[in-house]
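Here's my note on the model you asked about. Have the structure open beside you and follow the points in order.

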Amino acid sequence: MWAIISILVENKTGILFKVTNLFRSRNFNIDSISVGVTENPAYSRMTITTNSDEKQVAQIVKQLDKMIDTVEVKQLDEHKTVYRELCLFMIKLSNANDSMEVNKIATAYGGKVHDVKKESLMVELTATPHQIQAFEELIKPFGIIDVARTGVAALQRSGS
Amino acid sequence: MAIDLINKMETMTGAKALMTAMEKEGVKQVFGIPGGANLPMYDEFARCNIRHILARHEQSATHMADGFGRVSRKPGVCFATSGPGATNILTGLATAQADSSPIVAVTGQVPVAMIGKDAFQESDIIGMSNPVVKYAFQPRQASEVPEAVRKGFYIARTGRPGPVLIDIPKDVQQAEAEMEFPDEFKIQGYHPWADPDIVACERAIDMLLNSEKPIILAGGGTIISSAFAELQSIAETLMLPVVTTFKGKGAFPENHPLSLGPIGMHGHAEANKMMTEADCVLAIGTRFSDRSVGTFEAFEKRLKIIHLDVDPAEIGKNQTAQVAVVGDVKASLRIMIKLLLKRAVKKTEETPWVKHVKETKAYWKENLKIHPGEMGAAKILRKLRELLPHKSIITTEVGQHQMWASLFYDVIQPGTFFSSTGLGTMGWGFPASIGAKVARPDVPVVDIAGDGSFAMTENSLATAVLEDIPVIVFILNNFTLGMVAQWQRTFYDRRMIGVDQKHCPDYVKLAESYGAQGIRAQSMDELDKAIKTALSSDVATVIDIPIDPEEDVLPFVAPGTPLADMVLPS
């Protein structure tokens, strides 16, 4: 199963190392990770997505919770959560029509176009990993020169 | 007023603050070795009431602290310098982590400005120790030292105990600061004890009462929590046979009619048999390690599992429990006992299951084949048991002798048997026995050893002699790395590689060269005399007992096979 785990940690040096070291030493998998300071500078929020079976996800949450530097660890229900990832694609343009085609696809996915050159353009896309994957499939035929992804950031909807 | 005085701000160095804070934690001694980066803290021994006990290797210092911690249930403290001193403690930290033992290790570090510059004797001990400590501190300013000590001791001894590292750069030890020694402190992300869920306790009782063949599996957590009286009360009230894990050995008196002894790879035949036949297990403070349960799948398939543990992450990690109670196991058992009283559950009569258990136990007491020679392991360890007072503390090394101790040395007084069961650290037992003796100078402390294991930390004899810590080392000497030799005989067609110790050294002479007493025992008469001499001596004694190098430890459950496939001596 694909799971989103949200971890509130004390904003101190070495915590990211401890969290990722826990995943490595216990043979857990990290699909994506994003980290940023919260409104209170004493804390950071890490969002980790993982592909593991249900039993292992439960173990991951418990082991993270056991860590003394973690303040709150939650597995988020994706249906009650807003989760997004920012992604930058550098896409190859081979002929005059490509630019228009890529623009059309990007617009359909709510993407923004940057750095338009004769032979390439960049698309910025903020979407769910699933949508990003669908977008990637569509633009693959044009040729993807480079990709940079931030990893998922997620927050539970209020009242859930 | 008094509190105001205690809390009064005082200007002092980081090193002085470390010792002052440790005195406030009740530390009476430190096991360690000095070096360049921890000299400022060592200098403070001249000005405080803490005793320093010099080890001969930092790993041994950590095991001494570990032995002290397990016996006293207070964190044992060890000191090491930076670089190699710090890396030498890693095995000791990992051992304490695997067995949930409270220790606080304090290492010197290169000065703050040198960190990350590959300085002389610099090692990234914070990074290296991460997977094997419960928590680590590296105060970067002298004023942070008191709080690190206060929190470190609290973390080490509470909840599921474990090792804590405090790594102090040399300039932080030397710097002066206004020190505040906090009584109150908060660790936001640390919740050492949960309140046991009463509804879950009710369900646990229902499940036990509705089972035909219930059994108790007591793990090391029972000993850490000293839930001995509670365990005995619930076992006797519900007439539950008790098996233990190896770490839980001696959580329950092994001469009790309901005691079956440890299960596992080298478990007692009757314990493994009954564990295999049971239909419901009350598992107390155990992680269901592979060495205890054989194969995980076969174990949980047959059984309804009730799991009591202080660590929520243990629930469902290795085995799926039908009922789980998170909390200190002593508190959880007390709730269960109260609920039994409330329900007016009377002492259960002897059920057909208990009758069968007792018959099985009697059968194996009578019929388990042991080594026929005069100096077989079983006879040697039964002799030791016969001559040692019940209150004596046993530590063991790791190997065949350890498993023979599990099989043939009955622990009568709960909580008097300690071993490196999780990590299986050869060389642990002797320094741990020194720490144990420091915690309990009033009782005999015996390290049941093998020659291979003892060789790894034998230089702790210097500590035992010079610091006047008279422990007894009881070596079952087969002149080989016996457990490896047994596996080579069993699984590698008798190709014996790298196991022959070739009668080197002579342990009697070795002991004498350190100023300890060395006695060789080659017959039961000599052994009898040797043990009596050792018990009446006030100097550390090594008893060297030559045994048959071909003797195997049996019963044996091969790795990756279920307990039911136990191989018995033929």
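1. Let's start with a pair of helices. Keep in mind that this is a predicted model. On the α4(B) side, B:Q59, B:T62, B:H63 and B:D66 meet a set of residues in α6(B), namely B:T91, B:G92, B:L93, B:T95 and B:A96.

2. What is that contact made of, by class? Where α4(B) touches α6(B), there are six polar residues, two nonpolar and one charged.

3. Now for how the two helices are arranged. A pair of packed helices is described by the distance between the axes and the angle between them. Here the axes of α4(B) and α6(B) come within 7 Å and cross at roughly 25 degrees. Angles under 35 degrees count as roughly parallel, so α4(B) and α6(B) are roughly parallel to each other.

4. Time to zoom out. The domain assignment splits chain B into domain 1 (2-179), domain 2 (198-366) and domain 3 (369-558). Take domain 1 and domain 3 of chain B: their C-alpha centres lie 31 Å apart. They do touch, with 23 residues from domain 1 of chain B and 24 residues from domain 3 of chain B in the contact.

5. Which elements give two or more residues to the domain 1 side of chain B that touches domain 3? They are β2 (29-32), β3 (51-54), α4 (58-72) and α6 (90-98) of chain B, so to speak our helix pair plus two strands. The largest share of that side, 10 residues, comes from α4(B).

6. Finally, the class count for that side of domain 1 of chain B: 10 nonpolar, nine polar and four charged residues.

Notes:
Residues numbered from 1 in each chain as written. Chains lettered and ligands numbered in written order. Predicted model: local features only at pLDDT ≥ 70, side-chain atom pairs only at ≥ 80, totals over all residues. Domains from an automatic or database assignment. Contact = placed C-beta atoms within 7 Å. Helix = DSSP H or I, 4+ residues; strand = E, 2+ residues; numbered from the N terminus. Nonpolar A, V, L, I, M, F, W, Y, C, P; charged D, E, K, R; others polar. Axes fitted to C-alpha atoms, helices over the stretch in contact; angles between N-to-C directions. Parallel < 35°, antiparallel > 145°, perpendicular 65-115°, else oblique.
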